There are 2 protein chains.
Amino acid sequence: MAFTAKIKDSKVVKGIFEAVSSIITETFLDIDPDKGISMVAMDLSHICLVSLLIAKEDLDEFKADKKLKIAINLEDFVKIVKRANPQDEIVFKDDSAAKRFIIEMKPETAKKARRFTISMIDIDEERIGPESLEQLEFYNQTTFKLKFLDEAIKDAEIFSDALEIVADKNLSFSTNGNIGDMTYELEKEELISSDFTQKSEGIFGLEFLKNILKVSAVSTNVEMSMASDLPIKMVFDILNSSRIVYYLAPRTEDEDNDEDDSLYED
Amino acid sequence: MAFTAKIKDSKVVKGIFEAVSSIITETFLDIDPDKGISMVAMDLSHICLVSLLIAKEDLDEFKADKKLKIAINLEDFVKIVKRANPQDEIVFKDDSAAKRFIIEMKPETAKKARRFTISMIDIDEERIGPESLEQLEFYNQTTFKLKFLDEAIKDAEIFSDALEIVADKNLSFSTNGNIGDMTYELEKEELISSDFTQKSEGIFGLEFLKNILKVSAVSTNVEMSMASDLPIKMVFDILNSSRIVYYLAPRTEDEDNDEDDSLYED
DNA sequence: GTAAGAAGCC
DNA sequence: GGCTTCTTAC
């Protein structure tokens, strides 16, 4: 047992992994004695990259002898995590010898935990990390309440399956479709912070945005970075020192060619 | 009209028969002037026997001249019972001359009842009663809150379609499947009562257990009796003097031969 | 009235 | 398996 981590608030664990698993089905969990638990993975269509860090400072217990990479099916993992009751605390352990990942849950005062295991899976090493994305230069950055983006998404899906996001003097969300269109503008005063240096615009799929917004169970603000023709970067702070970062590729004019949506040219 | 019975709380009637009909499709209702309304029937695959008694003490009105056996399709019967509103009281009557069973429902204060009838059907006399099952000698018996079994079932169905139940020092539920496994143990303190004299274990189909658990609409505790290689007996008290008893046959190693699961060798 | 969970449909 | 609807808890 090279690794043990405990989180007392199972609701946070549920919120984090339900959000992530709505986009990612399989992933490595990276256990790092110095950092905590992290993962980086892309959705199958390579349109969205998700990077999660649960910092060791946010773990109520954390023991790790060495770095570990544990590959799991997130969907199955979430089915288990969902079984936690609100008052349960959750413990993760590895049983690498048996290629199993262990999840235990129990109320803090209970003696005996319900114990689940999930088989580790074999997946290819991720071919690309987020490093190249971290080099991206965004012209515009803003932080604001997640509920605004949630509203814009719900407004937009009346008309279309995509949302246009424009950062210029202010931040605007818009869409148009057969039955009509909508515009939702946030004034500077409604933004917690904003630094817009060059107009940028992009169109993004609502399905991804809706899945990303599931993070609102565990976060209240979004820090959004944009530049035309680049993926949009959205950072969500969770717990005290942890975060989930999404890079979502814009839709291109040439929607027939799915490859153009990909975050990477293979 | 040789028989009339009234139950003021239609929700109880719904709960009882929705639970039973999830396993039994056709049955005799036995009307006994001394006892009340009862039924004994097995599911079509002969894996589960259900015995229901609604004691006459629990009926708000009960008139029966003589013993009656009324064969009905429970599925159709439940469709009718489901039509009752929560504030309705329900009256059952026979119209044996017309081979019809009558269900009336109305709010207590209403003058006029909604009236349904359902045709009696022809089914073979049940070839075997529960008498032989009542002779079974169980080594272990325990009573505990239904919610624990409910949790164990929901935990287990992530992995498999079966649940292993072991009574030894304590009571444990477990399962395993391709994606992983789970264990759920109940300490003696979590059991309302327990009398374990000899370790027993058995594997039971989750589909049956889930249908049996529908009884939780009308009961809160389960009294469970076990012995290895015997059916598991589960007794649920309902109302004041009534009860539903299930005998569920364990799955056998040789799962290809369905007959081995049968409660009876024909 | 809203939101989460369960059941039914595709 | 996802989506939708219905039910139930807060």
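How many helices and strands does chain A have? In this predicted model, chain A has 5 helices and 18 strands.

**View 1. The overall build of chain A.** With its helices and strands in place, chain A has a radius of gyration of 20 Å, close to the 18 Å that the globule rule gives for 266 residues, so chain A is as compact as a globular protein of that length. Along the principal axes, the C-alpha atoms fill a box of roughly 55 × 40 × 35 Å. Of the contacts with a separation of 6 or more, 65% join residues 24 or more positions apart.

**View 2. Inside and outside of chain A.** Buried residues account for 53% of the 266 residues. The accessible surface comes to about 12900 Å², and carbon and sulfur atoms hold 43% of that area. Look also at the charges: there are 33 positive and 55 negative side chains, with the centres of the two sets 12 Å apart.

**View 3. F173 in the nonpolar core.** The largest nonpolar core holds 172 residues, and F173(A) and F173(B) touch the most other members. Beyond its neighbours within four places in sequence, F173(B) has contacts that include F144(B), L149(B), L163(B), I165(B), M182(B) and Y184(B). Polar company is here too, as E164(B) and T183(B) are among the contacts of F173(B).

**View 4. D155(A) on helix 4.** This close-up visits D155(A), a residue of helix 4, which spans residues 146-156 of chain A. D155(A) counts as partly exposed because its relative accessibility is 31%, between the limits of 20% and 50%. Residues up to four places away aside, D155(A) touches M182(A) and Y184(A). A71(A) lies 84 residues from D155(A) in sequence and 38 Å from it in space, C-alpha to C-alpha.

How values were computed. Residues are numbered from 1 along each chain as its sequence is written. Chains are lettered from A and ligands numbered from 1 in the order in which they are written. This is a predicted model: local features need pLDDT of at least 70, side-chain atom pairs count only at pLDDT 80 or more; totals for chains, interfaces and linings use all residues. Side-chain values use heavy atoms; hydrogens and water are left out. Helices (H or I, at least four residues) and strands (E, at least two) are DSSP runs, numbered from the N terminus. The radius of gyration is taken over C-alpha atoms; the globule rule is 2.2 Å times the number of residues to the power 0.38. Buried means under 20% relative accessible area, exposed over 50%, partly exposed in between (1.4 Å probe, protein chains only). Contact means heavy atoms within 4.5 Å. Accessible areas come from the Shrake-Rupley method with a 1.4 Å probe; for residues, only the protein chains shown count as cover. Lys and Arg count as positive and Asp and Glu as negative; His and the chain ends are not counted. The place of a charge is taken as NZ of Lys, CZ of Arg, CG of Asp or CD of Glu. A nonpolar core is a set of buried Ala, Val, Leu, Ile, Met, Phe, Trp, Tyr and Cys residues joined through side-chain atoms within 4.5 Å.
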